[in-house]
Amino acid sequence: MDMSGEMAHMGHAGMSMEGMVRDMRNRFLVAAIFSIPIVLWSSIGRTVFHFTVPAPFSLRDDLFQLLLSLPVVFYSGRVFFEGAVGALRAHTLDMMVLVSVAIGSGWIYSLVISLTGGGDVFYEASSLLATFVLLGHWFEMRARGSANTAIRALLSLAPPMALVIRSGEPVEIPTAEVMVGDLLLIRPGGRIPVDATVEEGESEVDESVVTGESLPVSKGPGSELIGGSINKNGTLRARATRVGSDTVLAQIVNLVQEAQNSKAPSQELADRAAFWLVLVALVGGTGTFAVWLLVSRSVSVAILYAISVVVITCPDALGLATPTAIMVGTGLGAKRGILFKNALALEAAAGVQMAVTDKTGTLTKGEPEVTQLVVEGLGEAEVLALAAAVERESEHPLAQAVVKYADVRGVRRTMAEDFENVPGQGAVARVDGRRVAVGNTRLMAREKISLGALETRRAEIAAEGRTIVCVAVDGRSVALIAIADAPRPTSAAAIATLREMGVEVVMLTGDNEATARRIARELGIESVIADVLPADKASKVKELQQSGKKVAMVGDGVNDAPALAQADLGVAIGAGTDVAIEAAGVVLMRSDVLDVATALTIGRGTLRKERQNLAWAVGYNTIAIPLAAGIFEPLGIVLRPEIAAISMSGSSLLVAVNALLLRRLRLPNAGLQRSVGTGSASGKLRAQKAG
């Protein structure tokens, strides 16, 4: 029911928001310029302002006003009449019908009076009514355009030009002409024009503008680049993989636009209420006219009050209450890398009471990491140097975790000889003339090595759900390396924030009970459901819903997709699979569970603004209608149509400005340390359709 939506159906469909704002401004200016002399030569000008200049060309005042009102009614006010015709053809009633009835009835009544000899006319009321309604909607559309800055900011990220290597030389071409397969040259400080894969060079890339990831992400050969992100320090050569509307940036813009244009349940309710409010206004205006005639007042007085009732009852504020809040809420989310697919997801986020989250890849990094080193008989640095030398020869994920742990600690690098891989057990090699075995207990048994004093520690660590790599040197066990899927740096803060918000957190995982309990203890999660088969995740979510709570499911994998669809709100972690992203209502562009709390906060803030706006719109009409009908005339309180127009426009503007205040919403701390290189949804966010 809001003005901007109606404008699109009145010959403005091909016009941009900026064009519509300009058009509305021009119509307002024409109405304002002609309304000033109309007021001066009206009865108000003569009596209130003591204006004594006679009308030009010896015309009667009312005939001069009639001429001046023609541009106001037939140019400026044309949008109202076209909108009203469109609404009636669609068998509905909206605010365009009300404004048209108010302006048209006052002007036609005045025209008849002027053509039949003169008398009390309302050209100034009709003209000022059109002027103030246009002014209100001009400001309102500017406010809506301001709410849309998130999309404009995103659209401006892609650089207009790109450097493409042709015949070994860089050639500058428009980004729109870049084709899939083109080799791009990306210099330090430059924006990456399209999605691409690095072929040569290493650099740090700032992806914060697209994903919200606060730290630069290291890129090297094989790394994916997101169009619109900024290359920081190194020169890269990259092969274009997605261009135009297929890029991640274009998909994000599309998703945000779809969300902003979608209707929430509360908006549909407001639209239905607005329809009935229009009907009430038309009936009320007619009733007001009849009652004033019945109490023996003049036709001019009766029509004055009738027009005021029709004008002040315009449901524009009611129609604006929800969409303006949704536009600001979705834009606020987009700036933080949180994409709401539709208004339904935004409102669902506000009602979440329980967050069910997957473990691997969601709360944890989804990759093995050394969490503990226990040594016996040798120094830590010596053990790590020997173990890492053996593991460098292996491609096993556990071996890579050991190598990474050793490299981070800067231990000396040495070479392994006579390397032997033992499938399912580990590896053996000679390092610095010593025989080093690195693997599980079965490898130790094969090598006839006893763990001795380390056995007790091994059993304790294993009971906590960690994987253990044993290290033996020259037939004697010297160390245990505990490896586990480590929590993300912000997971504990995310869980704490959710609990502060009154949201119960449940871990739902297919992993074993011991591992799940260990992670839960580290993160402060009390409820754990472990050993769940992928096919059973959705049914577990359904069971939790049966407790009467609104449940959000947070996940990243194919096995999470049914549960994401089952939940009241599905939240896909950005590094997740296409299937998970498709099934969710909210997509987090980075793999950070802290953004779940942020998404819920934005949802709650948006719904709060919607309710404030709806309460204001309903309360305003409840008070304004009897005032406009002239009930308080005995007390000297009279509301002329132009004052009613100012009041109605002010109410609409207040609703739009209140929605914009949502930008000041306090969100959970985003400045916490984030894990570099995790969580880009690059290459994973496809052309999701809302719903």
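This passage walks through the overall make-up of the chain, one of its sheets and a patch on its surface. The model is a predicted one.

Taken as a whole, the chain of 691 residues contains 26 helices and 22 strands. Of these residues, 54% count as buried. Contacts across the sequence are well represented: among those between residues at least 6 apart, 70% link residues that are at least 24 apart. The area exposed by the chain comes to about 28400 Å², and 58% of this is supplied by carbon and sulfur atoms.

Turning to the sheet, 7 strands are arranged in the order E10-E22-E21-E20-E11-E18-E19, making an open sheet with mixed pairing. The edges are taken by strand E10 (338-340) and strand E19 (527-529); each has a single partner strand, so one side of each lacks a neighbour in the sheet. On average, and with direction ignored, neighbouring strands here are turned by 20° against each other. Within this order, E21 sits beside E22. Strand E21 (residues 569-573) and strand E22 (residues 586-588) run parallel and are joined by 3 bridges. In one of the pairings between them, isoleucine 573 has leucine 588 of E22 as its bridge partner.

On the surface, a nonpolar patch is formed by Ile631, Phe632, Leu635 and Ile637, which together have about 390 Å² of accessible area. One of its members, phenylalanine 632, belongs to the loop that lies between helix H25 (594-628) and helix H26 (641-660). Phenylalanine 632 counts as partly exposed because its relative accessibility is 31%, a value between the 20% and 50% cut-offs.

Definitions and conventions: Residues numbered from 1 in each chain as written. Predicted model: local features only at pLDDT ≥ 70, side-chain atom pairs only at ≥ 80, totals over all residues. Heavy atoms only, no water. Pairing = 2+ DSSP bridges. Helix = DSSP H or I, 4+ residues; strand = E, 2+ residues; numbered from the N terminus. Axes fitted to C-alpha atoms, helices over the stretch in contact; angles between N-to-C directions. Buried < 20%, exposed > 50% of the residue type's maximum accessible area, 1.4 Å probe, protein only. Contact = heavy atoms within 4.5 Å. Areas by Shrake-Rupley, 256 points an atom, 1.4 Å probe, with all protein chains shown as cover. Patch = residues over 30% accessible without salt bridge, like charges linked within 9 Å, V, L, I, M, F, W, Y side chains within 5 Å. Salt bridge = Lys/Arg side-chain N within 4 Å of Asp/Glu carboxyl O.
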